[in-house]
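Here are some notes on the model, set out point by point. They deal with charged pairs, ring contacts, one helix and two backbone angles.

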Amino acid sequence: MVPLDDVNARTRGLNVHLLDRSTLEELAAVPDLSSLARRLGQVGIEATSDTAPPALELAVRRAAAGQMRLLVRWLGDRTTLFRVIIEDEDRRSVRAVLRGAAAAAPPAARVAGLVPTPSLPERLLVELADQVRPRDVAALLTVWRHPFGSPLLAASASERPDLLAVEHALDRAFAARAMQGAARGDATLRIYVADQVDLANLATAIALVGGPFELPVEDLFLPGGRRLSREGYAAAAQARDVERAATVLADAFGSRRAHLIRLHAAEPATLERVLLDERIDSLRRMSRQDPLGSAPILRYFLRLRAQTLALRVAIWGAALGAQPAVRRARMPAAV
């Protein structure tokens, strides 16, 4: 196994700089954007004089990118082991801009809640978000030699590409690289990658309910998971409704995750958030059992994502005048 002792020691230090739950809940109660900007500065997230939501979100993204760059630098050559985290952020970013392009959403909305990485820094995310069509996004990624570029270019070549097929090409490229990267890692890292594949299949199966779609459901299954079989996935995707699909999918997972799937399958964004909480909590327990393995690093990256999402809720909650209780309920809990 590749040694990670030095990185884990530094990760413990970085964890101190992440905001805890009580601080995030306090930020969720700040009544206006000007006060929130001042409070963000006090906790180390420096915003400009512009207190509009996009400007505050930019400050949050830049702070997250700085922490990401620091840990990647410490990982050095071992970064390839953790493709599953770094390129998962890229995958989330590319998926957001693809959907934004398909829906003609405002460019600023396409980058909301994203975490820039060394391979897709803020400047490139903004450029991707300005693209008009999904194939323009794929073309730029190809020009930049990003590993997701060529697979997406092939999937989005037609004048009106099937967005689900394009996203599947993205997931497939991500999963293949993640499994390749984790091959030299410990069992925790390999299990984490398989878990990521299972969750991608879970999301696709739920999205397919109520089809039909251009591709057969079986063609959109990703190999490499450890819980959700091809047969279970197909049965869920072909279910008559989301409730039935959730029952089929839940049977493939442990009791805690099964409960979350049954409860939130009809709300994909909520399901993604609560599963993020569950994974962070699971990695917390693994970190205690094996403090020198990959679990502490994986947990740190997910906590960084959760913090970014929580701060976005605080920003837009203040902008829209939402009640603090509503804002807190929409934040990831396990930060």
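1. Helices here are DSSP runs of H or I with at least four residues, numbered from the N terminus. The model is a predicted one. Within helix H15, Asp 281 and Arg 285 are about one helical turn apart, because 4 residues separate them. An α-helix has 3.6 residues a turn, so residues three or four places apart point the same way. Asp 281 and Arg 285 form a salt bridge, with 2.9 Å between the closest N and O atoms. The two ends of this bridge differ in exposure: Asp 281 is buried at 18% relative accessible area, whereas Arg 285 is partly exposed at 36%. Asp 281 counts as buried because its 18% is under the 20% limit.

2. The model has 24 salt bridges in total. Side chains of opposite charge can pair when their charged atoms come close. One of these bridges joins Glu 89 to Arg 305, where the closest N and O atoms are 2.8 Å apart. This pair ties together distant parts of the chain: Glu 89 belongs to helix H5 (residues 83-103) and Arg 305 to helix H16 (residues 295-320), with the two positions 216 residues apart. Both partners are buried, Glu 89 with a relative accessible area of 2% and Arg 305 with 8%.

3. What surrounds Glu 89, apart from its neighbours within four places in sequence? Its contacts are Met 68, Val 115, Thr 117 and Arg 305. With Arg 305, the side chain of Glu 89 also makes a polar contact of 2.8 Å.

4. Glu 89 and Arg 305 are also members of a network of salt bridges. The other residues linked in this network are Asp 88, Arg 91, Arg 92, Arg 95, Asp 171 and Glu 272.

5. Arg 257 and Glu 278 form a further salt bridge, and the closest N and O atoms lie 2.7 Å apart. The pair connects distant parts of the chain, with Arg 257 in helix H14 (residues 255-264) and Glu 278 in helix H15 (residues 268-289), 21 residues apart. Arg 257 is buried at 8% relative accessibility, and Glu 278 is buried too, with a relative accessible area of 10%.

6. How many aromatic pairs does the model contain? The count is 2. One of them is the tilted pair of Phe 221 and Tyr 233, with 5.2 Å from centre to centre and 55 degrees between the planes. Phe 221 lies in the loop between helix H11 (187-208) and helix H12 (230-237), while Tyr 233 lies in helix H12, 12 residues away along the chain. Both rings belong to buried residues: Phe 221 has a relative accessible area of 8% and Tyr 233 one of 0%.

7. A charge also sits over a ring in this model: the charged end of Arg 279 is placed over Tyr 192, 4.3 Å from the ring centre.

8. Leu 71 belongs to helix H4 (residues 53-75). Is Leu 71 buried or exposed? Leu 71 is buried, with a relative accessible area of 0%. Beyond its neighbours within four places in sequence, Leu 71 is in contact with Val 7, Thr 11, Leu 14, Ile 297, Tyr 300 and Phe 301. By contrast, 30 Å separates the C-alpha atoms of Leu 71 and Gln 131, which are 60 residues apart along the chain.

9. Helix H10 (residues 163-182) has 20 residues and reaches 28 Å from its first C-alpha to its last, close to the expected 28 Å. H10 is mostly covered, as 14 of its 20 residues are buried. At its N-terminal end, H10 is capped by Asp 162, whose side-chain oxygen lies 3.1 Å from the backbone nitrogen of Leu 164.

10. Two backbone angles deserve a look. Most residues other than glycine have a negative phi. Ala 104 is not a glycine, yet has a positive phi of about 55 degrees. Ala 104 is found in the loop between H5 and helix H6 (107-110) and is exposed at 63% relative accessibility. Arg 145, likewise not a glycine, has a positive phi of about 60 degrees. The loop between helix H8 (134-143) and helix H9 (149-155) holds Arg 145, which is exposed with a relative accessible area of 77%.

Terms used:
Residues are numbered from 1 along each chain as its sequence is written. This is a predicted model: local features need pLDDT of at least 70, side-chain atom pairs count only at pLDDT 80 or more; totals for chains, interfaces and linings use all residues. Side-chain values use heavy atoms; hydrogens and water are left out. A salt bridge is a side-chain nitrogen of Lys or Arg within 4 Å of a carboxyl oxygen of Asp or Glu. Buried means under 20% relative accessible area, exposed over 50%, partly exposed in between (1.4 Å probe, protein chains only). A polar contact is a pair of N or O atoms within 3.5 Å; within protein, one must be able to donate a hydrogen and the other to accept it, and residues adjacent in sequence count only if both atoms are side-chain atoms. Contact means heavy atoms within 4.5 Å. Rings of Phe, Tyr and Trp (its six-membered ring) pair if their centres lie within 6.5 Å; planes under 30 degrees apart count as stacked, over 60 as edge-to-face and the rest as tilted. A charge sits over a ring if NZ of Lys or CZ of Arg is within 6 Å of the ring centre and within 35 degrees of the ring normal. The expected span of a helix is 1.5 Å times one less than its number of residues.
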